[in-house]
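Let us walk through this structure step by step. Begin with how its open spaces are defined, then follow the chain around them.

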Amino acid sequence: MTSPIVTATCLPLRPPRAWPGAVVYAGVPLVLANIPGSVAFAVNPNTAVDIGLTRVPLPPWVFVVVWAVIHAGMGLAAWQLRRSTRDGDACVPLALLVVGYLQTNLFWLSDGLRSVAAADATGLLLATVTTWVFARHSRAAARWLLPWLVWMPITLTIKIIALALP
């Protein structure tokens with residue numbers, strides 16, 4: 001039996017409704033994800049140079065688009081999980097998702113390309129574990145995390161290549 005505190009904190013009293021709820025679940029992480037980068041560039045306009053992003057062989061807009069899809073997918077995964085789970089079982093997957101989301105936004109605190117690569121390696125581990133845990137609870141919810149799972153090894157490889165370039 002689930003305690004009332006766990007139920008109130010991990011799950012809504014009623015599952016979120018169809019698409020109006022999905023828009024909110026997708027939109028909030030998308031908007032919040034733009035705050036750290038905006039603050040980083042407001043405080044230091046040379047953030048991209050300082051972190052080493054100018055050495056990465058992809059245009060910046062690629063990262064913006066990919067992370068917009070990933071962050072919206074994280075929100076939709078939470079929405080789908082909360083719709084399909086009616087007890088406290090959703091606490092662990094949702095907690096992992098929050099940790100993964102926060103970890104992706106801590107990127108802006110990096111001090112160089114090596115620490116960005118290390119953050120990407122951690123992100124790959126978090127994406128793998130979170131997707132696996134979500135799949136055990138809701139395959140539909142886990143599918144929303146696939147862009148994150150696919151992107152993390154790609155971005156890690158890009159950073160490693162950038163580190164190897166002269």
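A pocket here is an open set of grid points where a 1.4 Å probe fits, with protein on both sides within 12 Å along at least five of seven lines. A residue counts as lining when one of its atoms is within 4 Å of a point. By that rule, the second largest pocket is lined by Tyr25, Pro29, Met74, Gly75, Ala78, Arg82, Leu94, Leu97, Val98 and Tyr101. Helix 2, helix 4 and helix 5 each give two or more residues to this lining. The lining divides into 8 nonpolar residues, 1 polar and 1 charged. The space inside comes to about 200 Å³.

Before going further, note what kind of model this is. It is predicted. The mean pLDDT of the protein is 85, and 87% of the residues reach 70 or more. One stretch needs care. Over residues 1-8, pLDDT stays under 50. For those residues the model has 6 contacts beyond four places in sequence.

Now the overall build. The protein has 8 helices and 0 strands. Along the sequence the pattern reads α-α-α-α-α-α-α-α. Of the 166 residues, 42% are buried. Take the contacts between residues at least 6 apart in sequence: 81% of them join residues at least 24 apart. The exposed area is about 9400 Å², and carbon and sulfur atoms supply 72% of it.

Turn to the largest pocket. It holds about 690 Å³ of space. Its lining has 28 residues, and Phe63, Val64, Trp67, Phe107 and Trp108 lie nearest the centre. Which elements each supply at least two residues of this lining? They are helix 2 (19-43), helix 4 (60-84), helix 5 (91-105), helix 6 (113-137) and helix 8 (146-164). By residue class, the lining splits into 17 nonpolar, 9 polar and 2 charged.

Several individual residues show how the helices meet. Start with His71 in helix 4. Is His71 buried or exposed? Its relative accessible area is 6%, under the 20% cut-off, so His71 is buried. Beyond four places in sequence, His71 touches Pro29, Leu30, Ala33, Tyr101, Thr104 and Asn105. Two of these partners are already familiar: Pro29 and Tyr101 are among the residues that line the second largest pocket.

Gln103 sits in helix 5. With a relative accessible area of 14%, Gln103 is also under the 20% cut-off and therefore buried. Its contacts, leaving out neighbours within four places, are Ala119, Thr122, Gly123 and Leu126. What is the C-alpha to C-alpha distance between Gln103 and Leu126? The two are 8.7 Å apart in space and 23 residues apart in sequence.

Next comes Thr47, in helix 3 (residues 47-51). Thr47 has 6% relative accessibility, so it counts as buried. Which residues does Thr47 touch, not counting those up to four places away in sequence? The partners are Ala40, Phe41 and Trp108. Trp108 is one of the residues that lie nearest the centre of the largest pocket.

Follow the chain on to Val56, in the loop between helix 3 and helix 4. Although it lies in a loop, Val56 counts as buried because its relative accessibility is 7%. Leaving out residues up to four places away, Val56 touches Phe63, Leu113, Ile158, Lys159 and Ala162. Phe63 is another of the residues nearest the centre of the largest pocket. Lys159 is far along the chain from Val56: 103 residues apart in sequence, yet 6.6 Å apart in space, C-alpha to C-alpha.

Lys159 turns up again with Ala117, a residue of helix 6. Ala117 has 10% relative accessibility, so it counts as buried. Apart from neighbours within four places, Ala117 is in contact with Leu156, Lys159 and Leu163. Ala117 and Lys159 are 42 residues apart in sequence and 5.7 Å apart in space, C-alpha to C-alpha. Lys159 is thus a contact of Val56 and of Ala117.

Notes
Residues numbered from 1 in each chain as written. Predicted model: local features only at pLDDT ≥ 70, side-chain atom pairs only at ≥ 80, totals over all residues. Heavy atoms only, no water. pLDDT = per-residue confidence, 0-100. Contact = heavy atoms within 4.5 Å. 1 Å grid on protein atoms, 1.4 Å probe; cavity = no way out; pocket = protein on both sides within 12 Å on 5 of 7 lines; lining within 4 Å. Points joined across faces, edges and corners; volume = space filled by probe spheres on them. Helix = DSSP H or I, 4+ residues; strand = E, 2+ residues; numbered from the N terminus. Nonpolar A, V, L, I, M, F, W, Y, C, P; charged D, E, K, R; others polar. Buried < 20%, exposed > 50% of the residue type's maximum accessible area, 1.4 Å probe, protein only. Areas by Shrake-Rupley, 256 points an atom, 1.4 Å probe, with all protein chains shown as cover.
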